[in-house]
Amino acid sequence: MGKLPKTLRTALVLSLVSGCFASTSTVSAASGTTFTKTSYQTTDALNLRSSNSTSSKKLLTIPKTTKVTSSYRKGSWYKLSYKGKTGYVTGSYLKKIESGTSFSKTSYKTTDALSLRSAATTSSTRLLTIPKGAGVQSSFKSGNWYKVTYANKTGYVSGSYLKKVTTPAKTTVYTTTDRLNFRSSPSTSGKVLTTIPSGTAVNSLAVKSNWHTVQYQGKTGYVMGTYLKKGTSVPASTTGNVDYSGSKMYVLIPSGNSVALRASASTLSGQIARLGRGTPVVVTNSRHQTKGFVAVRTASGQSGYVDATYLTLFQPAPSNRPLLVLDPGHGGHDAGAVRYGVAERDIVLAVTKQVAERLSGKVDVTMSRYTNDYYPSLGERSALANSHATTAFVSVHINASTSTQAYGAETFYYKGASSINLARNVQQRLVSYAGMRDRSVHYANYAVIRGTKAPSILAELGFLSNSADRAKLTNASYQSRYAQAIADGILASL
Ligand SMILES: [Zn+2]
């Protein structure tokens, strides 16, 4: 028995006999009590006497740890037979033997008001009623009866009204920094169970390949670590100032190259270290930025400053891959098109982040902004793309018109066959995946695509000024379709 795992060990558990612990007891005419035959173990050498008194004749001595049975007592004297003699022993040295299973201490919650009984049977004395929703612990059960202590009383409750409280050994609290899809499996193709709002505290039970196993609203599912930051500080609304500190970013630079970790936010300052491709860092700036110097801390605990150009929220592969620079239009003070309190700035960020997530397993991805409170200038957006070996640049926007009748998706390019091909591939899929009216692919002299050297396009997903388009643009499932259309259009063009 000693070799069995503790949780499976069937044990004989002894409990002190005190008061009326026995079931189905009846008081006899001779003021004795009859009860269900119960097994006991002697806790010391014990005299068996002819009657219920220390002055009565001693028949024999029962050794310590002897198993005896009784079904009748007078006061604290138990009637029993041992070695052919029948008499009385004092209950002070008897321990009731309970047969059942001991297991590792487990916490439960009662799912209904529940009787705590003196023994593992409904016919035993009810000691008290445990209210619904109370927390109890048990480490022993007999059949479906769990031994628990509540309000200083120990007894048994039916397991039918106990729900196991899962208390994971080690969880880490994170706060979502954006709306986040809560999925059934650790993949962007996993079913979206629900969307967790920005600023929600979640418990992470485990993390693997940037997918966290988290509990949310009583369910266990998976979220991408990209929009989680450690701790419980809740960021302001998406359009207010977002506390970006704690975000994990990665060095995005070609394999074999490195960026400087500097002592201060200047190219003239000394170098603390060189950080290679894919090196993870934790941002310690509270303000988000994708240009200038970002204060970071490395995994080895070195603090310093890194050029924001070379940091991405999406982990690069160890070796070089095509690189997509994604540009959610507008940001910060520039809300873009606004109708009925809905801002283009916010929708295009939500969609573009999903594009990045879908692409990040296959290509390197960086974005011109990750929050709604940050505005990079058009020149800065192009400069970001031009600072990297960018494969393609995609700017995401939403149209608006003074006419509520204008609707549909359209995609713009500035020059080059690669840009036109990319525009066509994205446009086709916006039309087919999201059922948008096809307003076609056009040339446009827009600064953000003109200033970018890599093949570049600007997609207008639909019209915020048209009610049917607006219904799609503000719908989470359609936002996923737009994202999938853009991601697939990009991958088809590589
Ligand atoms: Zn726009």
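## Cavity, pocket and loops: worked exercises

β17 (180–183), α1 and α6 (476–493) each put at least two residues into the lining of the largest cavity. Helices (H or I, at least four residues) and strands (E, at least two) are DSSP runs, numbered from the N terminus.

This is a predicted model: local features need pLDDT of at least 70, side-chain atom pairs count only at pLDDT 80 or more, and totals for chains, interfaces and linings use all residues. Residues are numbered from 1 along each chain as its sequence is written, and side-chain values use heavy atoms, with hydrogens and water left out.

**Exercise 1. Work out which element gives the largest share of the lining of the largest cavity.**

Step 1. Get the rule straight: on a 1 Å grid over the protein atoms alone, a cavity is a set of points where a 1.4 Å probe fits but cannot get out, a pocket is an open set with protein on both sides within 12 Å along at least five of seven lines, and lining residues have an atom within 4 Å of a point. Grid points are joined across faces, edges and corners, and a volume is the space filled by probe spheres set on the points.

Step 2. Count: four cavities come out at 30 Å³ or more, and the largest cavity has a volume of about 180 Å³.

Step 3. Go through its lining of 15 residues, where Arg179, Leu180, Asn181, Gln354 and Glu357 lie nearest the centre. It's α1 that gives the largest share, four residues.

**Exercise 2. Decide how much of α1 is buried, and find what covers the buried residues of α6.**

Step 1. Set the cut-offs: buried means under 20% relative accessible area, exposed over 50%, partly exposed in between (1.4 Å probe, protein chains only).

Step 2. Take α1 (residues 344–360). Of its 17 residues, 15 are buried, and that makes α1 mostly covered.

Step 3. Now α6: the buried residues there are Gln479, Ser480, Tyr482, Ala483, Ala485, Ile486, Ala487, Gly489 and Ile490. Their cover includes α1 itself, along with β30 (323–328), β34 (392–399), α3 (417–434), β37 (456–463) and α5 (467–473).

**Exercise 3. Locate the largest pocket, then place Ser245 in its loop.**

Step 1. The largest pocket has a volume of about 490 Å³. Among the 22 residues that line it, Tyr174, Lys230, Gly246, Lys248 and Val282 are closest to the centre.

Step 2. The elements giving two or more residues to that lining are β22 (228–230), β23 (248–251), β26 (280–283) and β27 (293–298).

Step 3. Ser245 sits in the loop between β22 and β23. Is Ser245 buried or exposed? Its relative accessible area is 18%, so Ser245 counts as buried. Its contacts (heavy atoms within 4.5 Å), not counting residues up to four places away in sequence, are Lys229, Val283, Thr284, Asn285 and Ser286.

**Exercise 4. Check the phi angles of Ala151 and Asn210.**

Step 1. Start with the usual case: most residues other than glycine have a negative phi.

Step 2. Ala151 has a positive phi, near 50°. You'll find Ala151 in the loop between β13 (145–150) and β14 (153–158), and at 55% relative accessibility it is exposed.

Step 3. Asn210 isn't a glycine either, yet its phi is positive, about 70°. Asn210 lies in the loop between β19 (201–208) and β20 (211–216), and with a relative accessible area of 25% it is partly exposed.

**Exercise 5. Give the C-alpha separation for Lys57 and Arg470, then for Asp334 and Tyr374.**

Step 1. Lys57 is in the loop between β4 (46–49) and β5 (58–62), exposed at 59% relative accessibility. Leaving aside neighbours within four places in sequence, Lys57 contacts Leu48, Arg49 and Ser50.

Step 2. Lys57 and Arg470 are 413 residues apart along the chain, and their C-alpha atoms are separated by 97 Å.

Step 3. Asp334 is in the loop between β30 and β31 (338–339), partly exposed at 22%. Its C-alpha is 9.1 Å from that of Tyr374, which is 40 residues away along the chain. Not counting residues up to four places away in sequence, Asp334 touches Arg345 and Tyr375.

**Exercise 6. Find where the pLDDT drops below 50.**

Step 1. pLDDT is the predictor's confidence in each residue, from 0 to 100. The chain averages 88, and 91% of the residues score at least 70.

Step 2. Over residues 1–24 the pLDDT is below 50, and this stretch has 64 contacts beyond near neighbours in sequence. Residues 233–239 are also below 50, with 20 such contacts in the model.

Notes: The expected span of a helix is 1.5 Å times one less than its number of residues.
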